[in-house]
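Ready for some practice in reading a protein model? Take a pencil, keep the 3D view open, and try each exercise before you look at its solution.

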Amino acid sequence: MLVHVACQMIARTDELTHADQATGDGDHGIAMARGFEAVRDQLGSHTYQDLGALLKAVGMTLISQAGGASGAVFGTLFVGGSRNLADKSTFDSGSLASFLGDGMQAVQERGKARPGDKTMVDALAPAAQCSQEMAAAPLEKAIVAVAAAAGRGEEAARALVARVGKAKTLGERSRNHPDPGAISFTIILQAMAEFIVDAG
Ligand code: ADP
Ligand code: MG
């Protein structure tokens, strides 16, 4: 599933570059592609003890390879999200809720962005909320609902004015542009959903 996530992220490089050119410095697509190329290569040549070790390794690679704010933010999502999955070997709706809940806490501790600041947190927060509500549902139902929640959060963030990150300097001019990181987070969840639905 994470190899599929990595491939989808790499495939969307130009769209992410374009989004970051409008409100930032234009490096988001390249940063995510660099990080997820390293993730894809790493997953192809390693095995992991449990879900926690897998997610943590992905996060560490993003932190060290992607660079920029997004390397730290998305790396922290995976490292923080791995916290309570050390003894788990099956990715189910409970693990999804644990990943997103702990991941969101870690991202907010690290980056201090709150919902409404026009960052990836605006897609992550509703996704994490939805994943808690769906924690007892079958994974293929939960992941589709969670990906849709992320997408709605990303859409809603377009109307916001940035209060965090490089886009903050644009002030009012950041309104009616998408947030690049919110798009990336939504791509991650949509790719997970695609893979799980296709595998089922
Ligand atoms: P940089 O801002 O260093 O150029 P990128 O362009 O790769 O990094 O990533 C920008 C994205 O990172 C933003 O669209 C936003 O979603 C996310 N981001 C930036 N700062 C934060 C933060 N403090 N908390 C959460 N997400 C953030
Ligand atoms: Mg940038």
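The exercises below go from a metal ion to a ligand and then to single residues, and the model they use is a predicted one.

**Exercise 1. The magnesium ion**

Task: Find the protein donors of the magnesium ion (ligand 2), and work out how they are spaced in sequence.

Solution:
- Step 1. Start at the ion and look for the atoms that qualify; a donor here is an N, O or S atom within 2.8 Å of the metal.
- Step 2. Three residues provide such atoms: Asp-20, Asp-25 and Asp-27, each through OD. These donors lie 2.0 to 2.2 Å from the magnesium ion.
- Step 3. Now write the donor residues in sequence order, and the pattern D-x4-D-x1-D appears.
- Step 4. Check how open two of them are. Asp-25 has a relative accessible area of 42%, and Asp-27 has 34%. Partly exposed means a value between 20% and 50%, so Asp-25 is partly exposed, and so is Asp-27.

**Exercise 2. The surroundings of ligand 1**

Task: Describe where ligand 1 sits, which residues are closest to it, and which helices contribute to its shell.

Solution:
- Step 1. Look for the pocket: the space that ligand 1 takes is the largest one.
- Step 2. Consider the neighbours. Ligand 1 is surrounded by 18 residues, and the closest are Asp-27, Ser-70, Met-120, Asp-179 and Gly-181. You have met Asp-27 already, as a donor of the magnesium ion.
- Step 3. Turn to the helices. At least two shell residues come from each of α5 (68–81) and α9 (180–199). With four residues, α5 gives the most to this shell.

**Exercise 3. Polar atoms and cover**

Task: Find partners for oxygen atoms of ligand 1 in Asp-20, His-28 and Ala-69, then say how much of the ligand's area the protein covers.

Solution:
- Step 1. Begin with Asp-20, where an N or O atom of the side chain is 3.0 Å from an oxygen atom of ligand 1. Asp-20 is also among the donors of the magnesium ion.
- Step 2. Go on to His-28: an N or O atom in its side chain is 2.9 Å from an oxygen atom of ligand 1.
- Step 3. For Ala-69, look at the backbone instead, where a polar atom is 3.0 Å from an oxygen atom of ligand 1.
- Step 4. Now the cover. On its own, ligand 1 has 560 Å² of accessible area, and the protein covers 91% of that.

**Exercise 4. Two residues with positive phi**

Task: Locate Lys-118 and Asn-176, and decide for each whether it is buried or exposed.

Solution:
- Step 1. Recall the usual case: most residues other than glycine have a negative phi.
- Step 2. Lys-118 has a positive phi, near 65°. You will find Lys-118 in the loop between α6 (93–111) and α7 (121–133).
- Step 3. Asn-176 also has a positive phi, near 65°. Its place is the loop between α8 and α9.
- Step 4. Use the accessible areas. Buried means under 20% and exposed means over 50%. At 2%, Lys-118 is therefore buried; at 62%, Asn-176 is exposed.

**Exercise 5. Far in sequence, how far in space?**

Task: For Arg-152, Ile-187 and Ala-159, set the separation along the chain beside the C-alpha distance.

Solution:
- Step 1. Arg-152, in helix α8, is exposed at 56% relative accessibility. Arg-152 and Ala-127 are 25 residues apart in sequence, with their C-alpha atoms 9.2 Å apart.
- Step 2. Ile-187 belongs to helix α9 and is buried at 2%. Ile-187 and Leu-2 are 185 residues apart in sequence, but 12 Å apart from C-alpha to C-alpha.
- Step 3. Ala-159, in the loop between α8 (139–157) and α9, is partly exposed at 41%. Ala-159 and Cys-7 are 152 residues apart along the chain, and 29 Å separates their C-alpha atoms.

**Exercise 6. A threonine and its contact**

Task: Which helix holds Thr-13, and which backbone oxygen does its side chain reach?

Solution:
- Step 1. Thr-13 is part of helix α2, residues 13–23.
- Step 2. With 13% relative accessibility, Thr-13 is buried.
- Step 3. Follow the side chain of Thr-13 to the backbone oxygen of Ile-10, at 2.6 Å.

Terms used. Residues are numbered from 1 along each chain as its sequence is written. Chains are lettered from A and ligands numbered from 1 in the order in which they are written. This is a predicted model: local features need pLDDT of at least 70, side-chain atom pairs count only at pLDDT 80 or more; totals for chains, interfaces and linings use all residues. Side-chain values use heavy atoms; hydrogens and water are left out. Donors are N, O and S atoms within 2.8 Å of the metal (3.2 Å for Na, K and Ca); water is not among the atoms, so sites may look incomplete. Buried means under 20% relative accessible area, exposed over 50%, partly exposed in between (1.4 Å probe, protein chains only). A residue is near a molecule or strand if one of its heavy atoms lies within 4 Å of it. A polar contact is a pair of N or O atoms within 3.5 Å; within protein, one must be able to donate a hydrogen and the other to accept it, and residues adjacent in sequence count only if both atoms are side-chain atoms. Accessible areas come from the Shrake-Rupley method with a 1.4 Å probe; for residues, only the protein chains shown count as cover. On a 1 Å grid over the protein atoms alone, a cavity is a set of points where a 1.4 Å probe fits but cannot get out, and a pocket is an open set with protein on both sides within 12 Å along at least five of seven lines; lining residues have an atom within 4 Å of a point. A molecule sits in a cavity or pocket if more than half of its atoms lie within 2 Å of its grid points.
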